[in-house]
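Take a look at the sequence and the model below. Then read on for a short tour.

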Amino acid sequence: MTYCLKCQDWISQSVTWSTLFLPSQQTSLCDSCNSQLVRINGAICEKCGRQMPSRMICDDCKKWQTNDKYRDVLQFNRPLFPYTPFMQEIITQWKYRGDYQLKEIFTPYIKKEIRNFYPTKSFTIVPIPLTDERHQERAFNQATAIAEVIATHYENSIITALSRKSSHSEKQSKKSRQQRIKTKNPFFLTKSLETDVLLVDDIYTTGMTIHHAAKLLKEAGSPNIYSFTLAR
Amino acid sequence: MNFSKTLAGKLLLTSELPLTKPTIDYLIRTDQLKQLPSITTKYGRYQCNRCGNKNKQLFANIPCARCNHTHLYCRNCVQTGRVLQCDTLITWNGTVPSWSLQAQPCYWTGTLTPPQQKAAQSITQAISTHQNELLIWAVCGSGKTEMLFPAITKSIKERKRICIATPRADVVRELFPRLQHAFPHTEIEALYADSPDRTDKGQLIISTTHQLIRYHEAFDVMIIDEIDAFPFHHDQTLPYLTDRACKLDATSIYLTATPRPEHKRKIRQRKLPVQFVPIRFHGYPLPIPTLKIEINLRKKLKQGTEPKALQQFLVTRSTSRQLLIFVPTIELLKKVADHYQEVAVHAEDPARKEKVDQFRQKKIKTLVTTTILERGVTFPSVDVVVLDAGHHVFDEAALVQIAGRAGRSPGDPTGDVLFIHQGKTNAMEDAIAQIKMMNKKGKKR
Ligand SMILES: [Zn+2]
Ligand SMILES: [Zn+2]
Ligand SMILES: [Zn+2]
């Protein structure tokens, strides 16, 4: 007997032929929670990876493509899950409540899918940083936690090439898109890389954060920058 | 500055202290604050000292950026603020708070019925003799809040600290204004998640049991409402919290209309003192449920065919009362509600509160419901039907509580209670036996 990571209900692993003879699969969610954890499938926006009714570029990405400064900084983003209310609950519990262990919900999905996402394997993994204050308060950086899972798969190193300025610590969600586009870059470079880069974050909302980070790395000499987020 | 009222009896994470770092350091240096380890590990066992969790599966490791070590945190109480192993818990070790002296704190002008008075006396006596525990077995509709007033009055006069704990936030919200009204000069606070009435210096605290996670040896009197609604079986957290919130010589008063088997056993073995309140405040006996068997009931319900027993009941009943129909499952809820074109409500229903309010305002004549309306809610004049009363969700306590929805007002002190089943169960028989026992006790006085 184990507990569901999300709702802490008992998971009763019923003995079936497969559980009897196959190596037991690590179940981290109960059936009810598991059924709510849907993957992005079917057509996507080829830039940000968002689920779309048909293969096309989404409105957010069209805006990035018309912006001269940011048009070429990011190759593309790939997310695993649509940002549903259920996903929002998990991520809230994970990063705001600080329930670090919840990353185990995502680990098997990341391991399974990451290899299909990118045309190269030789990139440096760069997690999106938190401000020092927030990092202390939260005691962990959720982007680093995801990056670590990816790193074990690729045997690539994680390099903290970016830092976040503390004056920009105000909550992103309170600003409108227009405000965000105008916002100054909240990051600064602590190390320039000559390799391709995989940026890692938990959520891709409008793409602001990822584009800001990518721009700095691109200007510092990284040829190709890709990104991975849990949700879009 | 005097911190004793805000900090005495509390058990807080350093981050929850409403104080600056220099003040905290000063209070620790002068031994007014005590630091305790947040998580203890001993012989391979873990314990979270905030919520009492000892279940290893509910601890996890975190690579902590605060102390640069990987260590434990507690997942059991993460909803009320994460406990890191590198954190400390803080308790007050300074002067004892002195609550204001009140000669006559109670402004309630009502009178208690003789059975209420008897219960009130035994509660007051239990507290003054520092009796450990007392269970008040009071039927649904006996008016238990008022029974508490004499003991609360005496405790306030003696400058004691009192807690009323309940599993449900609804109850806290309902009790708070009533107690404020009755004890207008007493510092009262209401604690539930996101409560606007948290003052941090209550002498009388009305709290959900979960919120007691921030208390430690605080109360002289602990009143636990609906003790049978505690999820005792697989969650030891709540009994641990209520226990820890009590001072060592405190008195615990348990209120229930339907004690759990383990409490009943202790009562029989005379290990738990009990006081019955067998009769409702209006003086009328409890309605006794009628049993009606229906062949192939479950099959009929599944097919959406109307059970004959229900049909007969519906045509013969007088329609002056509203009707509550209890069903065992959500699946059945939809079928029955569709069939009769009535409103249905269940626990996850987003419009639950609105629907119940509409029923209370008599805008809806009939409400089909799962067991969520089995307790706590009072409607003045209803008949009650339980469909498939033999289903396992309807245990003895649930059936007694459901039957207790009928006949609540002095204007209409009776009401029909009908259990439709396809085979009598022990739960049904025991529920009826319990109701009859209370009525008999009520008559004897
Ligand atoms: Zn897009
Ligand atoms: Zn805990
Ligand atoms: Zn730490």
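The report below goes from chain A to the cores, then to a metal site and a single alanine.

**Chain A**

This is a predicted model. Chain A has 232 residues, and 50% of them count as buried. Its secondary structure comprises nine helices and eight strands. Many contacts link distant parts of the sequence: among contacts in chain A with a separation of 6 or more, 74% join residues 24 or more positions apart. The accessible surface of chain A is about 11,800 Å². Carbon and sulfur atoms account for 49% of that surface.

**Two nonpolar cores**

In soluble globular proteins, nonpolar side chains tend to be buried together. Here the largest nonpolar core holds 63 residues. Leu212(B), Phe219(B), Met222(B) and Leu399(B) have the most contacts inside it. Helix H13 of chain B, residues 426-444, contributes the most to this core, with five residues. A second, separate core has 45 residues. Its members include Phe117(A) and Ile203(A) from chain A, and Ile62(B) and Cys64(B) from chain B.

| Core | Residues | Some of its members |
|---|---|---|
| Largest | 63 residues | Leu212(B), Phe219(B), Met222(B), Leu399(B) |
| Second | 45 residues | Phe117(A), Ile203(A), Ile62(B), Cys64(B) |

What does Met222(B) touch, not counting residues up to four places away in sequence? Its partners include Cys163(B), Ala165(B) and Leu212(B). Thr242(B), Ala245(B) and Cys246(B) are also among them. So are Thr251(B), Ser252(B) and Ile253(B).

**The zinc site**

Which residues are the protein donors of the zinc ion (ligand 2)? They are Cys48(B), Cys51(B), Cys74(B) and Cys77(B), each through its SG atom. These donors lie 2.3 Å from the ion. The site is tetrahedral, with angles of 106 to 114° among the four donor atoms. Along the chain, the donors follow the spacing C-x2-C-x22-C-x2-C. Cys51(B) sits in the loop between strand S4 (45-48) and strand S5 (59-64) of chain B, while Cys74(B) is in strand S6 (residues 69-74), so the pair ties together parts 23 residues apart in sequence. Both Cys51(B) and Cys74(B) are buried.

**One alanine in a helix**

Ala120(B) lies in helix H3 of chain B, residues 114-128. Is Ala120(B) buried or exposed? Ala120(B) is buried, because its relative accessible area is 3%, and buried means under 20%. Leaving aside neighbours within four places in sequence, Ala120(B) contacts Leu112(B), Met147(B) and Pro150(B). Lys157(B) is 37 residues from Ala120(B) in sequence, and their C-alpha atoms are 16 Å apart in space.

Definitions and conventions: Residues are numbered from 1 along each chain as its sequence is written. Chains are lettered from A and ligands numbered from 1 in the order in which they are written. This is a predicted model: local features need pLDDT of at least 70, side-chain atom pairs count only at pLDDT 80 or more; totals for chains, interfaces and linings use all residues. Side-chain values use heavy atoms; hydrogens and water are left out. Helices (H or I, at least four residues) and strands (E, at least two) are DSSP runs, numbered from the N terminus. Buried means under 20% relative accessible area, exposed over 50%, partly exposed in between (1.4 Å probe, protein chains only). Contact means heavy atoms within 4.5 Å. Accessible areas come from the Shrake-Rupley method with a 1.4 Å probe; for residues, only the protein chains shown count as cover. A nonpolar core is a set of buried Ala, Val, Leu, Ile, Met, Phe, Trp, Tyr and Cys residues joined through side-chain atoms within 4.5 Å. Donors are N, O and S atoms within 2.8 Å of the metal (3.2 Å for Na, K and Ca); water is not among the atoms, so sites may look incomplete. Four donors count as tetrahedral if all angles lie between 85 and 135 degrees; four count as square planar and six as octahedral if opposite donors are over 155 degrees apart and all others between 65 and 115; anything else is irregular.
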